[in-house]
Amino acid sequence: MHKESDIRIPLILGDKNYKDITDDVIRPIESKAPRGWYILISIFGIFALWGVGCIVYLLGTGIGVWGLNKTVEWAWDITNFVWWVGIGHAGTLISAVLLLFRQKWRMAINRASEAMTIFAVMMAGLFPLIHMGRLWVGYWVFPLPNQFGSMWVNVNSPLFWDVFAISTYFSVGMVFWYIGLIPDFATIRDRVTKPLAKRAYGILSFGWTGNAKAWNRFEIVSLVLAGLATPLVFSVHSIVSFDFATSVIPGWHTTIFPPYFVSGAVFSGFAMVQTLMLVLRKAFKLEAYLHTKHIEYMNIVILTTGSIVGVAYITELFISWYSGVEYEAYAFLNRATGPYWWSYAAMMTCNVVSPQLMWSKKLRTNLTFTFILAAVVNVGMWFERFVIIVTSIHRDYVPSAWSYFHPTWVDIGVYVGTLGIFFVLYLLFARYFPVLPIAELKTILKSSGENYKKGFGHGEGYYDSHIEKH
Amino acid sequence: MTDKVIYAMYDDDDVTKEACQSLVDNGVHVADVFSPFPIHGIDPIIGIKHTRLGIAAFMYGITGLLLAIIATRYFMVSDWHGINIGGKPNFSYLENIPSFVPILFEFTVLCAAHGMALTYFLRNKTLPGMPARNPDPRTTDDRFVVEVRLAENSNFSLDQLNDMIKETGIVEIDEKTIK
Amino acid sequence: MEFQISNKAKKVTIGLMGVGLLLLIVGFFFQKEYMFPTVLSDHEVYVEYWGDQVEKEADVKKEAEEAMAALGYELDFGDEGEEHEVHGHNAAEEHGDAHSEEAHAHQAPTFEWHIHIKHLEVEGEHVAHSVGHGHDAAPSETLAHMFSNGDIAMSDSHFRRFWSNLLVNGFFFFGIALGALFYLSLHYATESGWGVVLLRIMEAIMSALPLGMIVLAIVFIGATLGLNHIYPWMDSDVVAHDDLIWGKVAYLNKPFFWIRIICYFGVFAYFMNWFRKTSRKQDSEDVEKATASHFLMYRRGALFLVFFAVFSSTMSWDIIMSIDTHWFSTLFGWYSFSGIWLSAMIMIMMVTLYLKHKGNLEFVNSAHIHDVGKWMFALSFLWSYLWFSQFMLIWYSNIPEEVIYFVTRIESYKFIFFAMFVVNFVLPMIFLMSADTKKSWPYLIFIGLVIFIGHWFDVFCMVMPGTLYEEWNFGLLEIGMFMTFLGTFIFLVLRSLGKSSLVQNNHPFLEESKHHHG
């Protein structure tokens, strides 16, 4: 048995037993969806449709409908891509890295944040695909044998690395998520009564039995997948950063990019998890499983990664001066004081200054404040990518080529559309999938459940005596 | 050949573990345990060997790495020999290896993860559309079932087994005849 | 649980120090200052000397003549008259103002030889013929080789190799103690429970912090006083003629450097002492007070991490990156930090295994060892990842001002530079991947020791190319000094372990740690 110290706050509050966990998590699936769900999915559905419309218009007309110009040939598209990939980092980090670190509090958030990861990576993948213009030859990004002679994909190119990184990350993340879902689908399968639901969850649960050998395999597979996903999660955002850092463009080429991008990704990912989970726990009444301590832990992660990102900003700024390379120094001076000073200011305020408020215990345990701050961080991280991408290239080496980027309605439309699609997918997930890992939560009930720790309902030390008896 | 199976149901994981221990101590062979979540420490008691899926993942990973080496070498060094891309002509694999490393890594992970996941599904016989095979629907909720087969315990009679099991803090007991 | 350093351990560590010191002293007298040859033809070699030991020119000439005579050649060191003229020119310059002389010294070698090689004729016969017959190399190649690998060289009057090694070892062992301090505060700040039974070991390792600090301080004092030229930016003549360095003077100047160093050392020493003192005090407190102390350490751990986040980067820029003053890399701080952390983890593992072997750690079980093994594995991966990121990005972009750093390393340090990386990456990757090997003592000890030395070579590759250029060597001096430091470090750690109980009896997570299993 795992002995947990008394000074640790219980992770599952109230007098819960195994059955209660099943009931609490499955209740929203079995009961009728609240009206709020229909309202939200309609609103985001409209966004999504609008986005799809913009994408169709873009594909039919050409990339020219974006605000790109000869100098700024990458702007919102890649900003959104990096932003979404970044958000897609929290889920795997929570389920893989925190699993390796044996952080039990992850169980309150891992399922939902993995779902978020998968949807976010889908949204991210959309941008390079539509940027290709000819969506129907999108499979050319893979090195497939072909009839054009020696037509291979250039393995030296970071963009090709990205193809591999994102598709590996997406598919492995999906498998990891689904393997965890199978036992919980089986739980639903074994209790729902409606024939259609029974059939659907029966197919989804792959005939899971839950016998000892299956669990033995399950645990090892989870562990090995976590071990694989951990370097994978590092590699994905590192490779995204290589898109920029392998270049010779001042402001893009800097060696700190890989770990700093990873840290920024975790930062924004956790902020998105906060946003989603704060709503979810309220709507589904999951306060017993996801309480203030969990929120506080996530806020500490946000504080830590935000500070790492801050250190990286300052490092870049300092080294640009220290390097003595005038182009490098100018790139950073221009970022902070040039025509895009406002985006730099927004980035610094949202990403470096605001998370520092989390040092205060009062603020980091305040849910309203957390919700607002999470939104601020997400905005800040969008601006970070915008600052890196656009401010580094809008002033070319020749002043006659200097330019300024103005987004068109299609730029905005596609972005808003991805937000819409993302939330629609997430709402569907929340409605039909178990949002907490039922089986995993049951494994920590005895060590981290309040009733077992404090023994209420059964008196202090109930659990220990229960154990001794047998 | 028909066989009698006894399903003993418990309502606690630790009780289940203790029960298995006492049955095994008495010389009973426990066929399987069904539970809603993994019971830590039960595998050695009922004699379940450690899975080798980890080793399988390693082998898949090595395969992926080799495939990626062969492919990148073929594309860049054999087929595109000497083409100068970004000031880095592809004359030798080793000299340009830094720009192949990301692909090597990703493909290794891809093969290891998916290879292992597929093996896992096949070994567990969990595939889309498979019927549920747990003895009681409650075993995915809050009940734990220990399965004991008569044929595997030829030293005992059915009644002896039943008596022994009834002493272990069960909540329900069930017998089934299987073919 | 108590521990006292055994007589055997004392003998071994002091013996290590003694033997190391002996080797170090012998090695000390073999420091070379190179001369740089260029082969012009089969019988012509051009040799430059850039140092300041003009008076030894005749001695070296003689040495070269003797070496070649043994092979059957005789040397003609260019036109004597012309040589004098060059000297005269230099001498005249010396009377001018110091500035122009320095400027000149930076442009032209102190002296240069234009050597013609002739066959030595003994009684009308070509003796060299028989000697040289079997060799493919032209005599000029042979001679050039003798210069370029230091067979014929001046002895180094500035003891650069000694100073550089002092910096390498000082930084390496300082890093281990600092890494232990970092990990200890991380353990507190993250409210970890599993490693409580190992905290006293981390405390003992971090208590050796003064060793590294004193040695580094000696190096810095030497640099400030001009006894060594490790930091080019400390030399006002260099700065005056180097626009790039001149541009960095606002940061790289002696007073500010010292202020920063005192800040780092002061903060590290303060936290190190505070943690040790508080945790010892906790041993004799009641439960309530001990819990309060724990939360105090939890907060202080977080505070230390804030300092460390900034200082670990700036510290490695100041101490290491500024050696190659022109060069810069934003990742450098995090890269060197990962090496520090890993070296500390290996040290924690080794001390744990030693104490467990001695039977002093009754609560440490294989799960704890497994976890430290996991850290070794994970940090090896982290280090390799950062090494690769820095190397690949600079290699790929190929920007001259950055890539020069790796060009010098690949030209003159190719073998150890790549071998170091391969060993430090591949060995733990293959042999520590399995859960079984992460618990197996022989594996852990073997891999641990190899990558421990591997990471020493990492620091070696960070320092030497900037201080010794191609004039590096690996010999008695290096081995001896490493042994001396290792012996001293382990002695200090073991002695410190004996000063308090090996278990923090009142730590609120002690029970968790005792019952820790996988």
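## Two interfaces in a predicted model

Buried area is the accessible area, taken with a 1.4 Å probe, that two parts lose on being put together, summed over both. With that in hand, welcome to this predicted model, where the area buried between chain B and chain C is about 650 Å². Between chain A and chain B, the buried area is about 5500 Å². The size of an interface is often given in just this way, as the accessible area lost when the parts come together.

## Where chain A meets chain B

Let us begin with chain A and chain B. Here 58 residues of chain A are in contact with 65 residues of chain B. Carbon and sulfur atoms give 65% of the area buried between these two chains. Which residues of chain A lose the most area to chain B? They are Trp152(A), Phe206(A) and Arg217(A), which together account for 13% of what that side buries.

Polar links are part of the picture too: 26 residue pairs are in polar contact between chain A and chain B, with both residues at pLDDT 80 or more. Six helices of chain A each give two or more residues to the side that touches chain B: H1 (18–30), H6 (158–189), H7 (195–204), H8 (212–245), H16 (438–448) and H18 (462–469). Of the elements of chain A, H8(A) gives the most to this side, with 17 residues. Sorted by kind, the residues on this side of chain A divide into 32 nonpolar, 17 polar and nine charged.

## Salt bridges

Side chains of opposite charge can pair when their charged atoms come close. Over all chains, the count comes to 27 salt bridges. How many of them cross the interface of chain A and chain B? The rule finds one there. Lys19(A) and Asp141(B) meet in a salt bridge through their side chains, at 2.4 Å from N to O.

A salt bridge inside chain A is worth a look as well. Arg191(A) pairs with Asp23(A), and their closest N and O atoms are 2.7 Å apart. Arg191(A) sits in the loop between H6 and H7 of chain A, while Asp23(A) belongs to helix H1 of chain A, so this pair ties together parts that are 168 residues apart in sequence.

## Where chain B meets chain C

Now turn to the other interface. Nine residues from chain B and eight residues from chain C take part in the contact. Carbon and sulfur atoms give 81% of the area buried between chain B and chain C. On the chain B side, Phe58(B), Lys88(B) and Pro98(B) supply 64% of the area buried against chain C, more than any other three residues.

How many salt bridges are counted between chain B and chain C? The count is zero. Two residue pairs are in polar contact between these chains, with both residues at pLDDT 80 or more. Helix H4 (residues 101–124) of chain B gives the most to the side of chain B that touches chain C, with three residues. That side of chain B divides into five nonpolar, two polar and two charged residues.

## Domains of chains B and C

The domain assignment splits chain B into domain 1 (3–49 + 133–178) and domain 2 (53–124). The centres of these two domains of chain B, taken over C-alpha atoms, are separated by 46 Å.

Chain C is also divided, into domain 1 (7–30 + 159–510) and domain 2 (34–155). In chain C, the C-alpha centres of domain 1 and domain 2 lie 43 Å apart.

## How confident is the prediction?

Chain B averages a pLDDT of 87, and 99% of its residues score at least 70. Among the elements of chain B, strand S6 (residues 172–178) has the lowest mean pLDDT, 81, and H4(B) the highest, 94.

Chain C also averages a pLDDT of 87, with 91% of the residues scoring at least 70. Which elements of chain C have the lowest and the highest mean pLDDT? Helix H3 (residues 80–94) of chain C has the lowest, at 43, and helix H9 (residues 209–225) of chain C the highest, at 95. Over residues 80–105 of chain C, pLDDT stays under 50, and the model has 21 contacts beyond four places in sequence for this stretch. Residues 127–134 of chain C are also below 50, and that stretch has nine contacts in the model beyond near neighbours in sequence.

Conventions:
Residues are numbered from 1 along each chain as its sequence is written. Chains are lettered from A and ligands numbered from 1 in the order in which they are written. Side-chain values use heavy atoms; hydrogens and water are left out. Contact means heavy atoms within 4.5 Å. A salt bridge is a side-chain nitrogen of Lys or Arg within 4 Å of a carboxyl oxygen of Asp or Glu. A polar contact is a pair of N or O atoms within 3.5 Å; within protein, one must be able to donate a hydrogen and the other to accept it, and residues adjacent in sequence count only if both atoms are side-chain atoms. Helices (H or I, at least four residues) and strands (E, at least two) are DSSP runs, numbered from the N terminus. Ala, Val, Leu, Ile, Met, Phe, Trp, Tyr, Cys and Pro count as nonpolar, Asp, Glu, Lys and Arg as charged, and the others, Gly among them, as polar. Domain bounds come from an automatic or database domain assignment. pLDDT is the predictor's confidence in each residue, from 0 to 100.
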